[in-house]
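Visitor: I would like to learn how to read a model like this one. Where do we begin?

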Amino acid sequence: MSDAVRVLIIDEPPDLGAVFRATLEHTPALRTVGEDDLRGPGGAALEGVALVFTPERGAAAVAALRERHPGLKVLVAFLAADAQALIDLAQAGADAFVARSAAPRDVCAAILALAGGAALQGGVQAGTDAAADLGLTPREAEVLRFLSAGFSNKEVARRLTVSVRTVETHRLNLRRKTKTGRLKDLVQLARQMGLAPVYEGDATAQRSGGGARGLRLAGHAATPH
């Protein structure tokens, strides 16, 4: 139990239901705590993950939480938000995002991945649900993953066997749906939603029919060219 990840739930919404709480409580690697449990001997800050729900709590609440508990990592579960709202939360100290519609086991997996500071292999659902909740189609999410790895429109088109004009249309749709015109903001958003960038090996899997199986939660994204 001493090795379990401390999880601080901030104002759990009543609409999440009993299944979410039961899944969290019965995951041996996790332990729910109160704020008082995040201080060790002498008031030392302890590590853990805070699960914050939006729109109930916004960027100001995240910033205040990080100031009170510098050892925390923050996972934001959002109901509906545009890219700018998520970027504001990230700037306030949010480390990652997950859709509130994600299955409870996937939220738990995202918490563990964030606590471990490493990619979670195979944890696709949290990332894809977050993309869907932003209104992105599976193809738009796929294009965003390629853009996150630094591929140009022409390179994306070749790997997906579509026209460059089609890729350009997807990029326009991404910017319209996320309400941001900057590629670096899109890349940051993809990273924090758990949409891993596509690398050469993944691109091969895409062409051979790997599809969504190549998706995974990732801790970082490449800088686009």
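**Reading the sheet and the salt bridges**

Guide: At 31% relative accessibility, D95 counts as partly exposed. Keep in mind that this is a predicted model.

Visitor: Which residue does D95 meet in a salt bridge?

Guide: D95 meets R66, with N and O 3.1 Å apart. D95 sits in the loop between α3 and β5 while R66 belongs to helix α2, so the pair ties together parts that are 29 residues apart in sequence. R66 is also partly exposed, at 23%.

Visitor: How many salt bridges are there by this rule?

Guide: The count is 7. E12, R21 and E25 form a linked network of them. Within it, the closest N and O atoms of E25 and R21 are 2.9 Å apart, and both residues lie in helix α1, 4 residues from each other, about one turn.

Visitor: Is E142, which bridges to R139, buried or exposed?

Guide: The cut-off for buried is under 20% relative accessible area. E142 has 15%, so E142 is buried, whereas R139, at 32%, is partly exposed.

Visitor: What about the sheet, and in what order do its strands run?

Guide: Strands of a sheet pair through backbone hydrogen bonds, either parallel or antiparallel. Here 5 strands form an open sheet with parallel pairing, in the order β2-β1-β3-β4-β5. β2 and β5 are the edge strands, each pairing on one side only. Between β1 and β2 there are 4 bridges, and V7 stands opposite T32 in β2.

Visitor: Which strands does helix α4 lie across?

Guide: Helix α4 lies across β1, β2, β3, β4 and β5, at about 150 degrees to β4. Helix α2 lies across β1, β3 and β4, at about 160 degrees to β4.

How values were computed:
Residues are numbered from 1 along each chain as its sequence is written. This is a predicted model: local features need pLDDT of at least 70, side-chain atom pairs count only at pLDDT 80 or more; totals for chains, interfaces and linings use all residues. Side-chain values use heavy atoms; hydrogens and water are left out. Two strands pair if DSSP finds at least two bridges between them. Helices (H or I, at least four residues) and strands (E, at least two) are DSSP runs, numbered from the N terminus. Contact means heavy atoms within 4.5 Å. Axes are lines fitted to C-alpha atoms, for helices over the stretch in contact, and angles run from 0 to 180 degrees between N-to-C directions. A salt bridge is a side-chain nitrogen of Lys or Arg within 4 Å of a carboxyl oxygen of Asp or Glu. Buried means under 20% relative accessible area, exposed over 50%, partly exposed in between (1.4 Å probe, protein chains only).
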